[in-house]
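Welcome, and take a moment to turn the model around before reading on. The report below starts at one residue and works outwards from there.

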Amino acid sequence: MMIDPTLRPLALLVAAASLVAVARGAYPLTTDSNCHCYKTNATSANYFAHHNFFDFRSLAQYARVPKPLDSFEANAAAPPVAAFFTSAQWAGAWDIQNWNNTAQLAMNKSDISDATVKMVNSPNNIYIERNTDPGNNGQSTWMTMRTVRHSTFQSSSEIESHSTGYQFVSIRMYARTKGAKGAVTAMFTYRPPPTPTNISLVQEADLEIRTQDPPVYVQYTNQPSWNSTSDIPDATRNVSLPGGRRWSDWAYYRMDWTPGSSTWYVNGQLASTISFQAPRDPAQVMFNSWSDGGSWSGHMPLNSEAYLQMQWIEMVYNNTDPGAVKTGTCINVCSIDETTKIGQPVLITGGQQVPPPPAPAQPGACAAARYGQCAGKNWNGCKTCAAGTTCKFQNDYYSQCL
């Protein structure tokens, strides 16, 4: 069996009869070295080859809140705030960004960016902070990603995965957003367009919180989210948090990117599923906290701040990087959803060989659903459309079943 992320729903098909849902805690804790694949619990089961967990809850030795830097250049040149961000665990997976938007501003093209404020990402805005919440259950710290409105510019923060080869992933974070209006915090996958001006070719699945929105709303989006005809469903959903919660409350956010759709959950409840413009090709995973004075973020008041605070990040995923595509039989199936300990998987089935997936579908052997992609340069998916729809040309890279 090959765990090949370019094939079917995550390429690990397991007999449903062997995976009976049971109460959490019924499975034994195990380690990643004992797991051949990972099953997620959702409206449909998906299987992934790899697991990563980044825990920010017990890092008191690194805790320090740096003062904002009031120089644009100093923000870009700032070193990491703590040694944790140069450790093998962190630096082996993530890059802290220091890019700025001055090139976009110079283009002066509102269809690419309507930013009105010069923005720079700064390592100085990513730090470990002491947990001062009452009743924090012994969790001493969290990681903060900050954005600050200075007198003449905005400093922001972004982390990007080293790997650009994620192809289908379930990303989770235990997080909250706080601070002034006019900021955006986000967890997303991202594949850039061929050139900065080809924004219609970006591939992106987003979970975003805009602090200018009501404090119960979260944005779920596949990019690009534009509609070329009036009967195409929007790729953006603005959904209220369950249970009347606010995004300033701690919540368990999850985003599943699977073939043909993106699905989001909050505290275990389904929030949104969008198939239109779902990403297809290998991508990075990113988190950020930013503002640029544009229509999407809005304007932050001078000298104000906003924060994305995270206690942990967890992912199960497939990856196309060299050496990352697993081959062989998935005997030990694990789960991070049925565990009693965050970050540690449980073994849900073992000692029984899982049948290999069927052979890759040949072009024309499958049919794309209404609004799905059916043709385009580099497209290797279904090339016929479901009954009642026709493959209609949109651009050289994208044709759609309408």
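## A buried cysteine to start from

Let us begin with C330, in what is a predicted model. With a relative accessibility of 1%, C330 counts as buried, because the cut-off for that label is under 20% relative accessible area. C37 is buried as well, at a relative accessible area of 0%.

These two cysteines are linked: C37 and C330 form a disulfide, with 1.9 Å between their sulfur atoms. The angle about the S-S bond is -75°, and the link is left-handed. C37 belongs to strand β1, while C330 sits in the loop between β18 (305-319) and β19, so the bond ties together parts that lie 293 residues apart in sequence.

## The other disulfide

How many disulfides does the count come to? The count is two, and the other pair is C35 with C334, joined at an S to S distance of 2.1 Å. This link is left-handed too, with -90° about the S-S bond. C35 lies in the segment before β1 and C334 in strand β19, so this pair connects parts that are 299 residues apart in sequence. Both C35 and C334 are buried.

## The sheet around β1 and β19

Strands β1 and β19 also meet in a sheet. Four strands make up this open sheet, in the order β2-β1-β19-β20, and their pairing is mixed. At its edges stand β2 (46-48) and β20 (346-349); each has a single partner strand, so one side of each is left without a neighbour in the sheet. On average, neighbouring strands here are turned by 40° against each other, direction ignored.

In the middle of that order, β1 (residues 37-40) pairs with β19 (residues 333-335) in the parallel sense, over two bridges. Which residue of β19 is the bridge partner of Y38? It is C334, the cysteine that is also joined to C35 by a disulfide. As background, strands of a sheet pair through backbone hydrogen bonds, either parallel or antiparallel.

## Two nonpolar cores

The largest nonpolar core has 51 residues, and those touching the most other members are M143, Y253, F287 and M310. Apart from this core lies another, of seven residues, including C37, Y47, C330 and V346. The disulfide pair C37 and C330 therefore appears again here, as two members of that seven-residue core, and both cysteines fall under the 20% cut-off for buried residues.

M143 is worth a closer look. Leaving aside neighbours within four places in sequence, M143 is in contact with ten residues named here in groups: F56, F85 and W90; I126, Y127 and I128; I159; and L308, Q309 and M310.

## Strands β6 and β7

Some of those contacts lead to strand β6 (residues 126-130), which is mostly covered, with four of its five residues buried. Five bridges join β6 to strand β7 (residues 141-149), and the two run antiparallel. One of the bridge pairs is E129 with W142 of β7.

## The protein as a whole

Stepping back, the protein has three helices and 25 strands. Of its 402 residues, 51% are buried. The accessible surface comes to about 17,200 Å², and carbon and sulfur atoms account for 52% of that.

Links across the sequence show up in the contacts too. Among contacts between residues at least 6 apart in sequence, 70% join residues at least 24 apart.

Note on methods:
Residues are numbered from 1 along each chain as its sequence is written. This is a predicted model: local features need pLDDT of at least 70, side-chain atom pairs count only at pLDDT 80 or more; totals for chains, interfaces and linings use all residues. Side-chain values use heavy atoms; hydrogens and water are left out. Two strands pair if DSSP finds at least two bridges between them. Axes are lines fitted to C-alpha atoms, for helices over the stretch in contact, and angles run from 0 to 180 degrees between N-to-C directions. Buried means under 20% relative accessible area, exposed over 50%, partly exposed in between (1.4 Å probe, protein chains only). Contact means heavy atoms within 4.5 Å. Accessible areas come from the Shrake-Rupley method with a 1.4 Å probe; for residues, only the protein chains shown count as cover. A nonpolar core is a set of buried Ala, Val, Leu, Ile, Met, Phe, Trp, Tyr and Cys residues joined through side-chain atoms within 4.5 Å. A disulfide is a pair of cysteine sulfur atoms within 2.5 Å.
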